[in-house]
Amino acid sequence: MTKTVERTRNSSVPARSFIRWIDRLKQFSADDFFEVSSTAFAAIVVVILALMSVVLTRGAYPVFDKFGIGFVFGSDWSAVAGREVYGALPYILGTSVTSAIAMIVGVPISLGIAIFLAEMAPGSIRNPMSQLIELLAAVPSVIYGFWGLFVFRFWIVDWIETPLSRYFGTIPVFQGTPFGLDILTAGLILAIMIIPTVSSISKEAMMAVPSSQREAAYSIGATRWEVVRTGVLNYSRSGIFGATILGLGRAVGETMAVTMVIGNATGMAAFPRSFLQSGQTLSSLIANEFGEAAPGSLLLSSLIGLGLILFAFALIINVSAQLMVWKVLRVKGRVE
Amino acid sequence: MGSGSRRFKDKLAYGLGMLCIAVATVPLFSILFEVVRNGIGAISFQFLTSPPGVFGQASGGIANAIQGTIILLALASAIAVPFGLLSGVYLAEFGDNGYGRTVRFLNDVLSEFPSIVIGILVYSIIVLAMGGFSTTAGAIALSIIMLPIITRTTEESIKLVPSSIRDAGLALGIRRWRATISIVLSTARGGVITGILLAIARVSGETAPLLLTVLGSSFFFNGLNQPVAALPLTIYRDANVPYAFARQQGWGAALVLILMVLGLNIGVRLATSGRYKFLRSRV
């Protein structure tokens, strides 16, 4: 009994929905076509990110198949046929150390700029100064690298590394010859490069703080700095934190400038022990060795493996940063 | 005592803020100064109109790199603009649902993604499939970097168009798609074009994805399936060659590139005089 009922229902449902579908199709207008096609075009972003994860995982498969998790925690790097061995640890650490230097140096400067421009600067210089700082973001990274290699490097050698190695050279992290093509220079050039990102987004976050916050503080006699500290910074905390994380994302992914000044060590030599030693980051090793990797080789697979690790870092960093700045910036963009 | 030290702290904060600005602008001015100082000597008619000479000799120029960069930018724009425009229109017009929010979020994530990872993606699906480095692959890589910028700026510019303008069009009885394209998009034109120009400025200096997709070349453009030269690649290669002449060529190429990029940026800023400020904060 029940079987017959089910069968009739099953046969009628597709038939009915098919008729409804035909009806819809008849009414399908240019407007529907517009909505459907723009929906399809919008999917391109989803497709790109999905493709990226599939392609990187597939490309990295051979190297993970051969070395397993040892690829992530190994330190040796040799493309000699028959004795091939690849380990990503020195470059993961290289990326971490250079990005850490960039954050430690770059974030306080960026926050100083943001506070000054959002809260303290007289109106007449606020706009030109903001524009000037934003121009730093427009300079291509290969030009940062070229300038780093022929100009900035010598500032670092003369003013930072020579004194460091003279007075603190016995401390392990400052050991090495002050040469300028090393982890410290790479970290400092990254610090310059993240300043426009971190400062302009923190500034936006601070400017989005309702003026009632400031007025409340001023009304009980606070100075400008006290207003910033008690009213503004507290209120815009999550936006500032998000801006910082976005800066970290830039530092982790930056390639050319780092490649040109970090000295490009490989294997155990790239393991970061001192600021004054040449190193290597995930992205710089990919840029350096990609030209030598033949299609289908294990070297290519290991470089794509480094890309996969970088992809994972970037995804985690950017997703958390977007979640934090999302509210502040999106809401503001709409109101303006 | 309290008031004095409080006022001192306030002054100190002000001074530190100025100091931070000074510290950040030193590299900018130094880069501009050095690029102009060292690059100006390289600029000549020959430099701008001939391809590189024999390796190691002091002859030739960067004409092929300028040509290659222009071709790559034109192709990348031809791919990225339609996708970016329609995605932006979708997000602004229909994007107020789960799918729209997902697209918007992923778009923001992609816009901050390391460009070298995009290079690996294009290498794996285009270069390997086509059997070699090519202009097409480079243009696709650049277009993927441009896409999220154009999408976002299009969406934000459309949202600025007052709904009364659209309603006026709809009241005349035209279709919604017609109202969106002829009325809303054309009202938002300024913002959309700003976004496209900023996207072009952003990718014209991209180097890492090009290393993995077009490789570079010493010759003029030779077909879509062949490698091509580009200004950023020339700068990178010249930095690694131990000849004084190559270094000077590199500074010259850097001068041309920076004039292009900053010209676009400053031009857009002056032309829009702060109207589309919100578009810039994240580009």
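**Exercise 1. A loop residue in chain B**

In which loop of chain B is B:L215 found? Locate the residue, then look at its backbone and its surroundings.

*Solution.* This is a predicted model, so please read each value below as computed from it.
- Step 1: Start with the location. B:L215 sits in the loop that joins α10 (208–213) to α11 (231–239) of chain B.
- Step 2: Turn to the backbone. Phi of B:L215 is near 70°, a positive value in a residue other than glycine. For context, most residues other than glycine have a negative phi.
- Step 3: Look around the residue. B:L215 has 21 other C-beta atoms within 10 Å, and the cut-off for buried is 20 or more, so B:L215 is buried.

**Exercise 2. A loop residue in chain A**

Take A:N264 and find out which loop holds it, and whether it is buried or exposed.

*Solution.*
- Step 1: A:N264 belongs to the loop between α12 (256–261) and α13 (282–289) of chain A.
- Step 2: Its phi is near 55°, again a positive value in a residue other than glycine.
- Step 3: Count the neighbours. There are 20 C-beta neighbours inside 10 Å of A:N264, and therefore A:N264 counts as buried.

**Exercise 3. Chain B as a whole**

Describe the make-up of chain B: how many helices and strands does it have, and what share of its residues is buried?

*Solution.*
- Step 1: Chain B has 13 helices and zero strands. Read from the N terminus, every element in the order is thus an α.
- Step 2: For its extent, the C-alpha atoms of chain B fill a box of roughly 70 × 70 × 35 Å along the principal axes.
- Step 3: Of the 283 residues in chain B, 51% are buried.
- Step 4: Now the contacts. Among those in chain B with a separation of 6 or more, 75% link residues 24 or more positions apart.

**Exercise 4. Two helices of chain B**

Work out how α3(B) and α9(B) pack, and which residues meet between them.

*Solution.*
- Step 1: Two packed helices are described by the angle between their axes and the distance between the axes. Here helix α3 (residues 63–93) and helix α9 (residues 189–204) of chain B pack at about 135°, with their axes 11 Å apart.
- Step 2: That angle makes α3(B) oblique to α9(B). The crossing is right-handed.
- Step 3: From α3(B) come B:T69, B:L73, B:A76, B:S77, B:A80 and B:V81, and they meet B:I196, B:A199, B:I200, B:V203 and B:S204 of α9(B).
- Step 4: Sorted by class, the contact holds eight nonpolar, three polar and no charged residues.

**Exercise 5. A glycine in α3 of chain B**

Which residues does B:G84 touch, leaving aside those up to four places away in sequence?

*Solution.*
- Step 1: B:G84 lies in helix α3 of chain B.
- Step 2: With 30 other C-beta atoms within 10 Å, B:G84 is buried.
- Step 3: B:G84 touches B:M146, B:L147, B:I150, B:T151 and B:T154.
- Step 4: Take one of these partners, B:T151. It is 67 residues from B:G84 in sequence, yet their C-alpha atoms are 4.3 Å apart in space.

**Exercise 6. Two helices of chain A**

Repeat the helix analysis for α7(A) and α8(A): at what angle do they pack?

*Solution.*
- Step 1: Helix α7 (residues 141–168) and helix α8 (residues 183–207) of chain A pack at about 120°, and their axes are 9 Å apart.
- Step 2: α7(A) and α8(A) are therefore oblique to each other, and their crossing is right-handed.
- Step 3: On the α7(A) side, the contact residues include A:Y144, A:F152 and A:I156, while A:L184, A:L188 and A:M193 are among those of α8(A).
- Step 4: The contact divides into seven nonpolar, three polar and two charged residues.

**Exercise 7. Domains and the chain partner**

Map the domains of chain A, then examine where chain B touches chain A.

*Solution.*
- Step 1: Chain A is divided into domain 1 (2–42) and domain 2 (88–335). Their centres, taken over C-alpha atoms, are separated by 52 Å.
- Step 2: Between the chains, 73 residues of chain B are in contact with 72 residues of chain A.
- Step 3: Helix α1 (residues 2–39) gives the most to chain B's side, with 20 residues.
- Step 4: That side divides into 49 nonpolar, 11 polar and 13 charged residues.

How values were computed:
Residues are numbered from 1 along each chain as its sequence is written. Chains are lettered from A and ligands numbered from 1 in the order in which they are written. This is a predicted model: local features need pLDDT of at least 70, side-chain atom pairs count only at pLDDT 80 or more; totals for chains, interfaces and linings use all residues. Helices (H or I, at least four residues) and strands (E, at least two) are DSSP runs, numbered from the N terminus. A residue is buried if 20 or more other C-beta atoms lie within 10 Å of its own, exposed if 12 or fewer, and partly exposed in between; C-beta atoms are placed from the backbone. Two residues are in contact if their C-beta atoms, placed from the backbone, lie within 7 Å. Domain bounds come from an automatic or database domain assignment. Axes are lines fitted to C-alpha atoms, for helices over the stretch in contact, and angles run from 0 to 180 degrees between N-to-C directions. Angles under 35 degrees count as roughly parallel, over 145 as roughly antiparallel, 65 to 115 as roughly perpendicular and the rest as oblique. A crossing is left-handed if the near helix is turned anticlockwise from the far one by less than a right angle, and right-handed if clockwise. Ala, Val, Leu, Ile, Met, Phe, Trp, Tyr, Cys and Pro count as nonpolar, Asp, Glu, Lys and Arg as charged, and the others, Gly among them, as polar.
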